[in-house]
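Trainee: I should like to go through this structure step by step. May we begin with the terms and then turn to the elements themselves?

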Amino acid sequence: MLVPHSILRGTPARIVGSNTLRGLATVSTAKKEGNISSVFVSLSGTESAPLPPRFSDLKGRLISGHEDLLRDSWKRLLRDIRQEIEVVAELGCKVVPEIQFKDLGNAPEAFQIEHKKRGVAIIRDVVPKSTALQYKEDVRAYVKDNPHTKAFPPKDPQVFELYWSPSQIRARAHPNFIATQRFLMNFWHSKDQNALISSSHPTAYADRLRIRQPGDAGFALGPHVDGGSVERWEEEGYGRGGVYDKIWQGKWEEYDPWESSCRLPAVSDLYNGAGACSMFRMYQGWLAMSTTGPGEGTLLVNPLFSRATAYFLLRPFFSPRRKPNATSEASATTRLLDSNNWQLDPQPSSLLQGATPSHAQELNATLHPHLDLARSMVHVPEVRPGDYVAWHCDTIHAVDKTHAGSSDSSVMYMPACPLTEANAEYLVRQREAFVNGTPGPDFPGGKGESEHLGRYTADYVQRTISLEAQRAMGLAKWHTHEPGLKNGQRRMLERANETLGF
């Protein structure tokens, strides 16, 4: 079933496809204009203001009654991290598990184990090399035809404020990519079989793309975690689902990063931040459009995964007894990092290291010394056009500070998102943005691509992409009578159809 004409508004006439859809206005709060630097304090040139005193009270409530357990768990965590960093440093990029797209139906057990442990993976040859390269050439042509396209940095564009280019729409709709999303999301599980979620029904999330040129040092994005920052501690943020309760209780080993039902009520964007994600992305990821190796403007990840999550969440509750001095001697670092040098703050401060409202969570060696980021952040292996790199939504990741390669490092940011109530509601707003040619609801606002030449219209897309891809975009009705559906899945499909107006 195609989307009724009453669902979508029409778009400017100077675009590909007929302009027959008109529609249902939806109320959404547009974010101010900006670019990817708006998301990160380190890129925006702003300084973090001290958090208000209420965060001190919040921290006290989170650990109340668990103080002794928390002290013991902190020591166990530091010991475990120290040992695991040695493993990661020795393996380097080999720690990232890989699999060929053609093998997804029979994934080796070794891959499955390592992926669940490390939270990152490379899926090779998701789309043919020639297809991925054509995506890039078509993007370049689209930008050339629309020289007013916004990008960062403005004087030397590397990351483009494009969400609806023909290449991006075709890539998100590719059947191999949708199959890859489904494969990855099924690593998640729900302890509540009636939870309104389906990881077997991917939903499309319109994100940016990058064509990073050799020598670039402007897009120097350090270690960070997306999906909010202070929200991870806040009771009305991730606390609504008790996502990290085991960590606050001093039982970080029992924290399950792959449990999905607890994340359904979580709110990751309490401050309407530019680029703060309000959609539940099980994975972040990108599709490679170039051959790019370590040091060539590519991705770094932290395979400590759940241990690293526990660390940066607990770090604000502990302080060193002896502060570091100016010496760079190894013995001074050893003394600083010794678990006996750290104590649970008797009175919690309002400080949440690296967390700033409406920005991403950032990490560095000064604020998070035990992670030894210089050694625990590792490059992903060389990628080739058509490869897909995915990492769990809690994974710490970064980008090469300098692109030291000899050719472009180009990717399309394409996460993996399940069908949930919140994601269906997001699709309604994103669908309107698609029709209007404006950035998706999570991203800096403005007119976006509304005046771009060569942009696809909704009715053109409906004639040219699969029904499954249309459903992912909110353009077609979900099939609620598929065989093998669990009760929660079927109810979620029915709820999504209602939300989307079908």
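Mentor: Angles under 35 degrees count as roughly parallel, over 145 as roughly antiparallel, 65 to 115 as roughly perpendicular and the rest as oblique. Helices (H or I, at least four residues) and strands (E, at least two) are DSSP runs, numbered from the N terminus. The model is predicted, so local features need pLDDT of at least 70 and side-chain atom pairs count only at pLDDT 80 or more, while totals for chains, interfaces and linings use all residues. Residues are numbered from 1 along each chain as its sequence is written, and side-chain values use heavy atoms, with hydrogens and water left out.

Trainee: How are helix 12 and helix 15 oriented to each other, roughly parallel or roughly antiparallel?

Mentor: Axes here are lines fitted to C-alpha atoms, for helices over the stretch in contact, and angles run from 0 to 180 degrees between N-to-C directions. The axes of helix 12 (residues 421-436) and helix 15 (residues 487-500) come within 9 Å and cross at roughly 30°. Helix 12 and helix 15 are therefore roughly parallel.

Trainee: Which residues of helix 15 meet helix 12?

Mentor: Contact means heavy atoms within 4.5 Å. From helix 12, Glu421, Ala424, Glu425, Leu427, Val428 and Arg431 take part. Their counterparts in helix 15 are Met492, Arg495, Ala496, Thr499 and Leu500.

Trainee: Which strands stand at the edges of the open sheet?

Mentor: Two strands pair if DSSP finds at least two bridges between them. Eight strands form the sheet, with mixed pairing, in the order 1-2-14-8-16-6-4-3. Each edge strand has a single partner strand, so one side of each is left without a neighbour in the sheet; these are strand 1 (98-100) and strand 3 (151-152).

Trainee: Which residue of strand 16 stands opposite arginine 210?

Mentor: Strand 6 and strand 16 (residues 409-413) pair in the antiparallel sense over four bridges. Strand 6 also joins strand 4 (residues 159-160) through two antiparallel bridges, where arginine 210 is the partner of valine 159. In strand 16, the residue opposite arginine 210 is valine 411.

Trainee: Which helix gives the most to the largest nonpolar core?

Mentor: A nonpolar core is a set of buried (under 20% relative accessible area; exposed is over 50%, partly exposed in between; 1.4 Å probe, protein chains only) Ala, Val, Leu, Ile, Met, Phe, Trp, Tyr and Cys residues joined through side-chain atoms within 4.5 Å. Among its 64 residues, Trp233, Ile247, Trp248, Trp286 and Leu371 touch the most other members. With seven residues, the helix that gives the most is helix 3 (residues 67-91).
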